[in-house]
There are 2 protein chains.
Amino acid sequence: MMNYTTLLKEYNLKVTPQRVAIVEELYANGHMNIDDLYKKLLAKFPSISLATIYKNVNAMIEKVFLNEVKIPNSKSVYELVKDEHSHLVCSSCGKIEDLDLNVSSLIEEATTLKNYTIKQSSVVFTGLCPNCSK
Amino acid sequence: MMNYTTLLKEYNLKVTPQRVAIVEELYANGHMNIDDLYKKLLAKFPSISLATIYKNVNAMIEKVFLNEVKIPNSKSVYELVKDEHSHLVCSSCGKIEDLDLNVSSLIEEATTLKNYTIKQSSVVFTGLCPNCSK
DNA sequence: GTGTTTGCAAACATTTTGCAGTCAC
DNA sequence: GTGACTGCAAAATGTTTGCAAACAC
């Protein structure tokens with residue numbers, strides 16, 4: 001169980017009910033796009049504004065508390081920052097899963113080939129989840 | 001040397017000067033975002049419209065002749081479709097390079113772990129290019 | 001009490017659409 | 001000649017900003 005209030009404070013974000021709800025939703029659902037978040041929060045705060053969602057998501061990204069994941073052929077989703085990982089997206093039902101893959105050998109390969117200093121990686125695989133491939 | 005007219009016809013796209021210019025630019029520059037393309041084409045067609053760029057890029061994506069690459073913290077770029085490959089982005093100068101990495105073992109790993117049927121992969125590394133890391 | 005956040009409305013940015021005239025074939 | 005494409009203007013969509021009232025601390 002998570003204490004979202006403490007978590008927000010650690011990231012120097014003032015604790016408002018809207019922010020707590022955003023964190024709760026992301027914690028519960030893993031990955032959500034702006035509209036997902038807006039719809040979920042509307043249920044709790046009937047007069048919440050989309051602008052509030054945007055401002056908070058941007059503030060949380062700024063503090064490196066949230067991360068934007070860009071997904072081919074789909075809207076960006078947001079997730080709580082954790083250790084670097086890859087993503088698996090089902091093109092049929094939209095489900096998104098985290099995936100711990102060992103990317104370091106790829107990064108070495110890339111470094112050797114092109115001599116870049118690599119800071120970040122984005123690995124997104126798209127396909128059919130077990131359910132949808134039946 | 002490439003024959004863009006033939007290439008467009010092979011993809012069932014009518015050959016217009018604007019389309020030829022889009023293909024020429026992408027062939028010459030590798031990766032371009034919408035504004036890059038618009039500015040380049042404006043030089044050749046002073047009255048070209050952004051709508052024309054959008055319509056053509058979308059039509060070419062539809063025919064699987066172009067591919068959109070989503071880049072963290074940056075605008076999408078478009079490239080001519082070729083064999084699957086990864087991308088290396090310089091966060092300082094914006095340069096984008098193609099990169100042939102062996103992703104198949106990662107895909108196997110992902111398939112084993114999560115039992116998805118993977119169809120596509122998007123691998124984008126961000127860092128500093130040799131020039132900018134000096 | 002001070003400074004930040006919220007929600008609203010307006011502004012701004014990006015992308016798509018409808019349509020008349022033009023072009024590809 | 002027919003259907004597709006272009007460029008324009010308008011519309012639709014997505015995101016940000018300014019501001020007064022409310023809230024966090």
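The questions and answers below concern a predicted model.

Q: Which residues of chain A does the UniProt annotation "binding site" cover?
A: The annotation comes from an unreviewed UniProt entry. It may be inferred rather than shown by experiment. The residues that it covers are C90(A), C93(A), C129(A) and C132(A).

Q: Why can the residues of the "binding site" annotation be said to gather at one spot?
A: The annotated residues C90(A), C93(A), C129(A) and C132(A) span 43 residues in sequence. Sequence distance does not settle the matter, so the C-alpha atoms are compared in space. They gather at one spot because no two of their C-alpha atoms are more than 8.1 Å apart.

Q: Is C93(A) buried, partly exposed or exposed?
A: C93(A) sits in the loop between β3 (86-90) and β4 (96-99) of chain A. Its relative accessible area is 46%. Buried requires under 20% and exposed requires over 50%. The value for C93(A) lies in between, so this residue is partly exposed.

Q: Is C129(A) buried or exposed?
A: C129(A) is placed in the loop between β5 (117-128) and α6 (130-133) of chain A. Its relative accessibility is 3%. Since the limit for a buried residue is under 20%, C129(A) counts as buried.

Q: Which residue of chain B does C129(A) touch?
A: Residues up to four places away in sequence are not counted here. In chain A, C129(A) then touches C90(A) and C93(A). The contact with C93(A) also appears from the other side, where C93(A) is in contact with C129(A) and C132(A). The residue of chain B that C129(A) touches is Y116(B).

Q: How are α2(A) and α3(A) oriented to each other?
A: The axes of α2(A) and helix α3 (residues 34-44) of chain A come within 10 Å and cross at roughly 125°. That angle is outside 65 to 115, the range for roughly perpendicular, and is not over 145, the limit for roughly antiparallel. The two helices, whose crossing is right-handed, are therefore oblique to each other.

Q: Which residues of α3(A) meet α2(A)?
A: From α2(A), the residues involved are Q18(A), A21(A), I22(A), E24(A), E25(A), L26(A) and N29(A). The residues of this contact divide into 5 nonpolar, 2 polar and 4 charged. On the side of α3(A), the residues are L37(A), K40(A), L41(A) and K44(A).

Q: Is E25(A) buried or exposed?
A: E25(A) belongs to helix α2 (residues 17-29) of chain A. Leaving aside neighbours within four places in sequence, E25(A) is in contact with G30(A), M32(A), L37(A), K40(A), L41(A) and K44(A). Its relative accessibility is 10%. Under 20% means buried, so E25(A) is buried.

Q: At what angle do the axes of α2 and α3 of chain B cross?
A: Helix α2 of chain B covers residues 17-29, and helix α3 of that chain covers residues 34-44. Their axes come within 10 Å, and α2(B) passes α3(B) in a right-handed crossing. The angle makes the two helices oblique to each other, and its value is roughly 125°.

Q: What distance separates the C-alpha atoms of N3(B) and V20(B)?
A: N3(B) lies in the segment before α1 (4-10) of chain B. With 44% relative accessibility, N3(B) counts as partly exposed. N3(B) and V20(B) are 17 residues apart along the chain, and their C-alpha atoms are separated by 9.5 Å.

Definitions and conventions:
Residues are numbered from 1 along each chain as its sequence is written. Chains are lettered from A and ligands numbered from 1 in the order in which they are written. This is a predicted model: local features need pLDDT of at least 70, side-chain atom pairs count only at pLDDT 80 or more; totals for chains, interfaces and linings use all residues. Side-chain values use heavy atoms; hydrogens and water are left out. Helices (H or I, at least four residues) and strands (E, at least two) are DSSP runs, numbered from the N terminus. Buried means under 20% relative accessible area, exposed over 50%, partly exposed in between (1.4 Å probe, protein chains only). Contact means heavy atoms within 4.5 Å. Axes are lines fitted to C-alpha atoms, for helices over the stretch in contact, and angles run from 0 to 180 degrees between N-to-C directions. Angles under 35 degrees count as roughly parallel, over 145 as roughly antiparallel, 65 to 115 as roughly perpendicular and the rest as oblique. A crossing is left-handed if the near helix is turned anticlockwise from the far one by less than a right angle, and right-handed if clockwise. Ala, Val, Leu, Ile, Met, Phe, Trp, Tyr, Cys and Pro count as nonpolar, Asp, Glu, Lys and Arg as charged, and the others, Gly among them, as polar.
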